[in-house]
Amino acid sequence: MIFNSGGMATEGVLLGMGNPLLDISAVVDQQFLDRYGIKLNDAILADDRHVSMYEEMTSKYNVEYIAGGATQNSIRVAQWMLQIPGATCYMGCIGKDKFGEEMAKNSKLAGVNVHYYEVDSAPTGTCAVCVVGGERSLVANLSAANCYKSEHLKRPENWALVEMAKYFYIAGFFLTVSPDSIQLVAEHAAANNKVFTMNLSAPFICEFFKDAQDKVLPYMDFVFGNETEARTFSKVHGWETENVEEIALKISQLPKASGTHKRITVITQGADPVVVAEDGKVNLFPVILLPKEKLVDTNGAGDAFVGGFLSQLVQGKPIEDCVRAGIYAANVIIQRSGCTFPEKPDFN
């Protein structure tokens, strides 16, 4: 399936919306996870239990600050892979503070055209990235990211970015913040023959935001996720199967709001093959296996996969090239700390 016959990515071709978070990343120990009730490899929202956690991380461990948030990570990776300044745009809400300034600087340096909504009422959101044995666990404190309003999206200078984009990517996490913004973009995409993509993002999204997710599902042309999220999605929908290939197929066959594009489901499984379901068929793509000693941390691996995938999709490349680029980007990111990358990609 080729969506873009141009072959070359143009300015603003890809627009992302999500929760911009400053990642506070550190290698911690299992006791630290246990103390705060954090499961390995999980992604959760911070609650009262986690109040002192950020303080403990920054005082006890060697922390790094990296511009993060799932959608923003994917957009930054897509931008890096494309190497065309301003090919990608991003919207989300930050606080008027030094973390916010740091994030804006980071993203602009990466070549992303960011249009942040800035608020005084809350600090820039943060995400504790707790790394144990190379595996990451995320605890997000949304703060300002939670304040995004569709009014910002509707401002002429921002809606112009929606009009300009041909592809949209929104992580499921944004369902907790501004479902009405997602709906506006989804309906625009369906009405204008554009490609709308989302991510299942986390088991808790599939469980506790099922209604919001189900409402926007008919608009999704691509659904991304990992095997844990896929299984949770299946359970919540009463499908009584844990078979990832079967689940991917069922998701791809759910009703669609626009008949222009079929739905393709793309599920990553860590070191196991990537599952792609389309047209009633499933294809498996093996990943590049990395020796354990080269694994630095898995934070951003899924986001990087999506960014790599989208970088080829917006150029009209076939699905196998998109998957290959996703696998390449994820492989680069897990050999580095946080969702960071070298100056130039060497993907061909």
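1. Contact here means heavy atoms within 4.5 Å, and by that criterion helix H4 (residues 98–109) lies across S2, S4 and S7. H4 runs at about 65° to S4; axes are lines fitted to C-alpha atoms, for helices over the stretch in contact, and angles run from 0 to 180 degrees between N-to-C directions. The labels are DSSP runs numbered from the N terminus, with helices being H or I of at least four residues and strands E of at least two.

2. A word on provenance: this is a predicted model, where local features need pLDDT of at least 70, side-chain atom pairs count only at pLDDT 80 or more, and totals for chains, interfaces and linings use all residues. Residues are numbered from 1 along each chain as its sequence is written, and side-chain values use heavy atoms, with hydrogens and water left out.

3. On to the sheet under H4. S2, S4 and S7 belong to an open sheet of 5 strands with mixed pairing, in the order S3-S8-S7-S2-S4; two strands pair if DSSP finds at least two bridges between them. At the edges sit strand S3 (43–45) and strand S4 (64–68), each pairing on one side only. From one strand to the next, the twist averages 25°.

4. Within that sheet, S3 pairs with strand S8 (residues 135–141) in the parallel sense, over 3 bridges. Ala43 is the residue to click on, as it stands opposite Leu138 in S8. Helix H2 (residues 53–60) also packs on the sheet, touching strand S2 (21–27), S4, strand S7 (126–132) and S8. The direction of H2 makes about 55° with that of S7.

5. The other sheet is an open one of 9 strands, again with mixed pairing, and its order is S6-S5-S1-S9-S10-S11-S12-S13-S14. S6 and strand S14 (281–285) are at the edges and have a single partner strand each, so one side of each is left without a neighbour in the sheet. Neighbouring strands are turned by 20° against each other on average, direction ignored.

6. Two pairings in the 9-strand sheet are easy to check by eye. Strand S5 (residues 88–95) and strand S6 (residues 113–119) run parallel and are joined by 7 bridges, with His115 in S6 as the bridge partner of Met91. Strand S1 (residues 14–17) and strand S9 (residues 167–171) are parallel too, with 4 bridges, and there Leu15 has Phe168 of S9 as its bridge partner.

7. Back to H4, since it turns up twice. Together with S5 and S6, H4 makes a right-handed β-α-β unit (right-handed if, with the strands pointing away from the viewer, the path from the first strand over the helix to the second runs clockwise). H4 also lies across strands of the 5-strand sheet, as in point 1.

8. Now for helix pairs. The axes of helix H3 (residues 70–82) and helix H12 (residues 301–313) come within 7 Å and cross at roughly 45°. That makes H3 oblique to H12 (under 35 degrees counts as roughly parallel, over 145 as roughly antiparallel, 65 to 115 as roughly perpendicular and the rest as oblique). The crossing is right-handed; a crossing is left-handed if the near helix is turned anticlockwise from the far one by less than a right angle, and right-handed if clockwise. The residues of this contact divide into 7 nonpolar, 6 polar and 1 charged, where Ala, Val, Leu, Ile, Met, Phe, Trp, Tyr, Cys and Pro count as nonpolar, Asp, Glu, Lys and Arg as charged, and the others, Gly among them, as polar.

9. H12 has another helix to deal with: helix H13 (residues 319–333) packs on H12 at an angle of about 145°, with axes 7 Å apart. This crossing is right-handed. Among the residues making the contact are Phe305 and Phe309 of H12 and Ile327 and Ile333 of H13. By class, there are 13 nonpolar, 4 polar and 1 charged residues.

10. Last, helix H10 (residues 227–236) lies across strand S10 (195–199), strand S11 (222–226) and strand S12 (264–269), at about 110° to S11. The axes of H10 and helix H11 (residues 244–252) come within 10 Å and cross at roughly 65°, which makes H10 roughly perpendicular to H11. H10 passes H11 in a left-handed crossing. In this contact, Glu227, Ala230, Arg231, Phe233 and Ser234 of H10 meet Val244, Ile247 and Ile251 of H11.
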